[in-house]
Amino acid sequence: MQTLDDWTQKYLSRPPLTRGDILPLLSLSDPAPLFRKADSIRRRFVGDGVYLRALIEFSNYCKNDCMYCGIRRSNAQAVRYRMTPNEITHTARQAVAAGYKTVVLQSGEDLWFDADKMSDIIRRIKNLGAAVTLSLGEKTREEYAAYRKAGADRYLLRIETTDKNLYEKLDPAMSWDNRVRCLEDLKELGYEVGSGSLVGLPGQTLESLAEDLLFFKSLPVDMAGIGPFIPHPHTPLAQEKADGHFELSLKMMAIMRLMLPDINIPATTAMETLHPQGRLLALQCGANVIMPNVTAETFCKNYELYPGKPHPGARAAAAWQEQLASIGRSVSAGYGFHGDYLKEQRAAR
Ligand code: 5AD
């Protein structure tokens, strides 16, 4: 068995960041040194490659009513759509042909897609040779087990906030404990688990954001998607502001990278809504994954979780190369499972 180099070993043997370390970092008035540190840790632990995941937003029906979300059940102005299983697999096939190694299937909590229908779609996409990531919300353990049996590799379920009171205030019909149960079930079933939080929710404190990071460390997550909260005009939070959420999200990503140096951290799409270079900046503050939306415009224009969501249309994986090269990065060829980079480094030595 090969050993890690000294520098990597030394970093890993340091005690984990405590609550007391995190708060001052979140409050930094000049976060540039934090961002630089996160960038160098990112390079050391996951390399300069960026993993691309093709995102298919296949249904915006949702049984939930989260106050921040544009596809909440009571938003009567949302135009609802549901792609057929054939449309979903067709889109996945095109993404694989365009060079994507992972397909992410995301939807609102839509009961039309029961475990049998989902399992069938998962099997069809796995047959294309792609890794499959699901982002379908809260399900029973049995459903998670069925998807896994069908071949699903990863599951994304943001905790949104670890402040249980705030979480349940934002959708009184939902249970924070059940969400944690879901994450634990997913871990036990052998998924690579992605979680994450919304940054800037009304009533959210820096202390609670620090708790979010400690929660991700304790699971631990394989991936953490940190996104700024952007008020949607057709929700009860329409009057809230998004000021400061961009920089605070960058700080969260950077600290996350220091705490869990080898996990996957996406440069979330919402960052681009708040800043034209949002995703490239995130990639320089700890992130190493991009999830380009490959859903047909007719559908994804109505997947409006928040306003101003960019829908650039499907792009070949190779077309990202140029943009990434401008910041000294490149598209990674592999599947990009948690820890792959360090394993490759060790094997090469
Ligand atoms: N602003 C930013 N992100 C949002 N999401 C939902 N609503 C909003 C919003 N108004 C995020 C949630 C969810 C993910 C799919 O989209 O964090 O987990």
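**Figure 1. Right-handed crossing of helix 4 and helix 5 in the predicted model.** In this predicted model, helix 4 passes helix 5 in a right-handed crossing. Helix 4, which comprises residues 85–97, packs against helix 5 at an angle of about 25°, and the two axes are 10 Å apart. Because angles under 35 degrees count as roughly parallel, helix 4 and helix 5 are described as roughly parallel to each other. On the side of helix 4 the residues in the contact are P85, N86, I88, T89 and A92, and these meet I121, R124 and I125 in helix 5. Sorted by class, the contact of helix 4 with helix 5 holds five nonpolar, two polar and one charged residues.

**Figure 2. Packing of helix 5 against helix 6.** Helix 5 (residues 115–126) and helix 6 (residues 141–150) pack with their axes 8 Å apart and at an angle of about 25°, which makes helix 5 roughly parallel to helix 6. The crossing of these two helices is right-handed. Helix 5 contributes A115, M118, S119, I122, R123 and K126 to the contact, while helix 6 contributes E143, A146, Y147 and A150. The residues of the contact of helix 5 with helix 6 divide by class into six nonpolar, one polar and three charged.

**Figure 3. Surroundings of S135, a position listed in a UniProt record.** An unreviewed UniProt entry lists S135 under "binding site". In the model, S135 is found in strand 3, which spans residues 131–135. S135 counts as buried because its relative accessibility is 10%, where buried means under 20% relative accessible area. When residues up to four places away in sequence are not counted, S135 touches L105, Q106, S107 and L156.

**Figure 4. Surroundings of S107 in strand 2.** S107 lies in strand 2, which spans residues 102–107, and is one of the residues touched by S135. With a relative accessibility of 10%, S107 counts as buried. Leaving out residues up to four places away in sequence, S107 touches F58, S59, S135, L136 and Y303.

**Figure 5. R73 in the loop between strand 1 and helix 4.** R73 has its place in the loop that runs between strand 1 (49–59) and helix 4. Not counting residues up to four places away in sequence, R73 touches C62, K63, N64, D65 and R80. R73 and F35 are 38 residues apart in sequence, and their separation in space, C-alpha to C-alpha, is 38 Å.

**Figure 6. Backbone geometry at P220 and at E160.** Most residues other than glycine have a negative phi, and most peptide bonds are trans. The peptide bond from L219 to P220 is cis, with omega near -15°, and P220 is found in the loop between helix 9 (206–218) and strand 6 (223–228). Phi of E160 is near 70°, which is a positive value in a residue other than glycine. E160 lies in the loop between strand 4 (154–156) and helix 7 (164–170), and with a relative accessible area of 11% E160 is buried.

**Figure 7. M223 in strand 6 and its contacts.** M223 lies in strand 6 and is buried, with a relative accessible area of 12%. Aside from residues up to four places away in sequence, M223 touches L156, V193, G194, S195, I263, N264, P266 and M291; L156 is also among the residues touched by S135. The C-alpha atoms of M223 and G196 are separated by 7.9 Å, although the two residues are 27 residues apart along the chain.

**Figure 8. L283 in helix 12 and its contacts.** L283 has its place in helix 12, which spans residues 278–283, and at 0% relative accessibility L283 counts as buried. Leaving aside its neighbours within four places in sequence, L283 is in contact with D39, R42, V50, A267, N288, V289, I290, L324, I327 and R329. One of these contacts, R42, is 241 residues apart from L283 in sequence, whereas the two residues are 9.2 Å apart in space, C-alpha to C-alpha.

Key
Residues are numbered from 1 along each chain as its sequence is written. This is a predicted model: local features need pLDDT of at least 70, side-chain atom pairs count only at pLDDT 80 or more; totals for chains, interfaces and linings use all residues. Side-chain values use heavy atoms; hydrogens and water are left out. UniProt positions are given in the numbering used here, feature names are shortened, and annotations may be inferred rather than shown by experiment. Helices (H or I, at least four residues) and strands (E, at least two) are DSSP runs, numbered from the N terminus. Buried means under 20% relative accessible area, exposed over 50%, partly exposed in between (1.4 Å probe, protein chains only). Contact means heavy atoms within 4.5 Å. Axes are lines fitted to C-alpha atoms, for helices over the stretch in contact, and angles run from 0 to 180 degrees between N-to-C directions. Angles under 35 degrees count as roughly parallel, over 145 as roughly antiparallel, 65 to 115 as roughly perpendicular and the rest as oblique. A crossing is left-handed if the near helix is turned anticlockwise from the far one by less than a right angle, and right-handed if clockwise. Ala, Val, Leu, Ile, Met, Phe, Trp, Tyr, Cys and Pro count as nonpolar, Asp, Glu, Lys and Arg as charged, and the others, Gly among them, as polar.
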